Amino acid sequence: MTHDIVDRIVGVTPALDELRRRRPVTKEQLQASFDALFAPVSVEHASQAERELVAAFATRLAGDTDPTGTFYADRALAVDPDRAPIVLAEAASAATGGPFGSYAEAGLQSENTDGERYTPSAAVVESLGERLAAALAHTHLLVLRPREASGDDIQRLLDAGWTADGVVTLSQLVSFLAFQQRVVTGLRALSRAGAAA
């Protein structure tokens, strides 16, 4: 089995492997980013379980048939079988098209769109803990309403017990997952179209 996570999620074929080898730096850096975020030197500011649960939530916002979401859901269930089902249920209920949001800049107001906002219920906060619940709310914001992210959102994470380093890690994680998910979706589309042959 290949060590490369994108290859594993996509189900790499010889044609896709050849295509990916045309951009070796991109392939290597994508895997290096995964390794840094999911096999870090330290989990002091974001635990392994938090990383896996946030990853499952973020990627499942694309729906329960998305292969990247399935990959991370399986990982989350393995590392935290008590909280993962709650996180996955929350992702299913919060999944929607997007992105949405309002622009603060003058001249862009005509492009404002409104959509779902995710706020964990009191029961979810009690089950997951304030820290993880805040991370999920922030993840939903970054995935579906990124133009609305502000300093107040960072403060909510800090108030929930995240450190500044933890907030950076959380943001890097969500950004990486969005990119990885797009790469997987693109490669699967090329495979279906036969374009990689």
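Here is a short walk through the structure, from the whole chain down to single residues.

Keep in mind as you look around that this is a predicted model. Start with the overall build: the protein chain contains ten helices and zero strands. If you follow the sequence from start to end, you therefore meet one α after another, in the pattern α-α-α-α-α-α-α-α-α-α.

How does the chain fill space? Its C-alpha trace spans about 50 × 45 × 30 Å along the principal axes. For a chain of 197 residues, a compact globule would have a radius of gyration near 16 Å, and the value of 17 Å for this chain agrees with that. Of those 197 residues, 41% count as buried. The contacts tell us about the fold too: among those with a separation of 6 or more, 69% join residues that are 24 or more positions apart.

Now zoom in on helix α6, which runs over residues 84–94. Which of its residues are buried? They are Ala84, Val87, Leu88, Glu90, Ala91 and Ala94. Looking down the axis of α6, you would find these buried residues within an arc of 160 degrees, so they line one face of the helix. A general rule helps here: an α-helix has 3.6 residues a turn, so residues three or four places apart point the same way. On the other side of α6, Ala92 and Ser93 are exposed. And what covers the buried residues? The cover includes α4 (48–60), α5 (67–79), α7 (122–128) and α8 (130–144).

One of those covering helices, α5, is also home to Val79. Is this residue buried, exposed or partly exposed? Its relative accessibility is 38%, which means that Val79 counts as partly exposed. Setting aside neighbours within four places in sequence, Val79 is in contact with Ala49 and Glu52. Pro14 lies 65 residues away from Val79 along the chain, and the C-alpha atoms of the two are separated by 32 Å.

Our last stop is an enclosed space. The structure holds one cavity of 30 Å³ or more, and the largest cavity has a volume of about 30 Å³. Its lining is made up of Ala46, Glu50, Arg51, Val54, Trp162, Thr169, Leu170 and Leu173. Helices α4 and α10 (164–193) each supply at least two of the lining residues. Sorted by class, the lining has five nonpolar, one polar and two charged residues.

Terms used. Residues numbered from 1 in each chain as written. Predicted model: local features only at pLDDT ≥ 70, side-chain atom pairs only at ≥ 80, totals over all residues. Heavy atoms only, no water. Buried < 20%, exposed > 50% of the residue type's maximum accessible area, 1.4 Å probe, protein only. Helix = DSSP H or I, 4+ residues; strand = E, 2+ residues; numbered from the N terminus. Arc of directions from axis to C-beta. Contact = heavy atoms within 4.5 Å. 1 Å grid on protein atoms, 1.4 Å probe; cavity = no way out; pocket = protein on both sides within 12 Å on 5 of 7 lines; lining within 4 Å. Points joined across faces, edges and corners; volume = space filled by probe spheres on them. Nonpolar A, V, L, I, M, F, W, Y, C, P; charged D, E, K, R; others polar. Rg over C-alpha atoms; globule rule 2.2 N^0.38 Å.
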